[in-house]
Amino acid sequence: MLELADIRAAAGRLQGQVLRTPCVASQTLSQLTGARIFLKFENLQFTASFKERGACNMLAQLSPAERSRGVIAMSAGNHAQGVAYHAQRLGIRAVIVMPRFTPGVKVERTRGFGAEVVLKGDTLDEARAHATALAREQGLVFVHPYDDEAIVAGQGTTALEMLEDVPGLDALVVSVGGGGLIAGMALAAKALKPSIEVVGVQTVRFPNMYNAVKHTRLPQGPSTIAEGIAVGTPGEIPRAIIERCVDDILLVDEGDIEQAIVMLLEIEKTLVEGAGAAGLAAMLKHPERFQGRTVGLVLGGGNIDPLLLAAIIERGMVRAGRLARIRVCARDVPGSLAKITATVADAGANVDEVHHQRAFTMLAAQNVEIELVIQTRGAQHVQAVLDALHEAGFQAERQ
């Protein structure tokens, strides 16, 4: 059974091999949530994820015979990159099996570290089954992403560093997929400071550790933007530790995570993927749960597909009212559109898109429905634009 001594030993192996990332206070997020928030920037690791910790700790303990055989791992991306990078650094052959849905940026970065990438299966469980078969066929050492004591011990070093840097932490909020990170962190944190509360976060679409620990049967969804924690089967080793050391698990939905990603990008100027933003998402959804407390959040990874990020930013602007869609009804005569856009401009907004609708409308034949997508300063500014259009004699409403 894992103990604090194992995590301390892992910290010794990792010294000089992985980055000791900063853990710093976020004044703005603290004001928004009512808690004192400290962020652990694991997205600054060389492979942009905490997964390096467990991978390095496990590979460093392989015997010469095991190193000569090579290793194989299954991962949706971050564990893959951690294993590939440290295997390359240690001169070990690495084969990585990744599900077909894995973002292209993670696939290419994994290949860039010299690993042999195999895309197989539509779920992590299918990819794991293929990796297990390849391990048997080729005699490779299987490096599990979370259900392994060396992996859990390596991830637990995150909590050691956080409590060394900020001894006053009284809560840790950690995203949960297979459970390796929160298990290692909870084990270390509770041993060092028994009064600390450790809270896990899962998505509503993948609540499998939540189900396992709380003995519920919430359904699993098809996909999530937090693909790094989209785990169908939680690890047995992490589960046993979580049942003993983790105080609670909260659920967040897709919108919560999108909001957290945009806020971290806008406020902290740091890029975090969905799985890494789940902790902040939980604090934004349940502010009363952490009111007045000193909370540590792990920004677990920064590997996000650029196209997905662009969509999340745009949707975030819509939620904030900074990108709005309005419908204006007007006479279908020359100059109407010019007057509408001039009114919007005079109100201080910028026109992003314009769509005319003449056929699919219940308006009179001589009228036209114009849909505008406008850039504004927020919800109040949108209302000011609508008021200006009304004063100019147009029927206008937000859609």
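The buried residues of helix H12 (254-267) are covered by elements that include helix H2 (27-33), strand S2 (36-40), strand S8 (197-203), strand S9 (248-252), helix H13 (274-285) and H14. This is a predicted model, in which local features need pLDDT of at least 70 and side-chain atom pairs pLDDT 80 or more, while totals for chains, interfaces and linings use all residues. Residues are numbered from 1 along each chain as its sequence is written, and side-chain values use heavy atoms, without hydrogens and water.

Let's stay with H12. Helices are DSSP runs of H or I with at least four residues, strands runs of E with at least two, numbered from the N terminus. Among the buried residues (under 20% relative accessible area, 1.4 Å probe, protein chains only) are Glu 254, Asp 256, Ile 261 and Leu 264. At the N-terminal end, Asp 253 acts as a cap, with a side-chain oxygen 3.2 Å from the backbone nitrogen of Gly 255. After the helix comes Lys 269, with a positive phi near 55 degrees.

H12 also takes you to the second largest pocket, where it supplies 6 residues, the largest share of the lining. A pocket here is an open set of points on a 1 Å grid over the protein atoms alone where a 1.4 Å probe fits, with protein on both sides within 12 Å along at least five of seven lines; lining residues have an atom within 4 Å of a point. Helix H14 (306-319) likewise gives at least two residues, and Gln 259, Met 263, Ile 313 and Arg 322 are among the residues of the lining.

Key
Buried means under 20% relative accessible area, exposed over 50%, partly exposed in between (1.4 Å probe, protein chains only). Contact means heavy atoms within 4.5 Å. A polar contact is a pair of N or O atoms within 3.5 Å; within protein, one must be able to donate a hydrogen and the other to accept it, and residues adjacent in sequence count only if both atoms are side-chain atoms.
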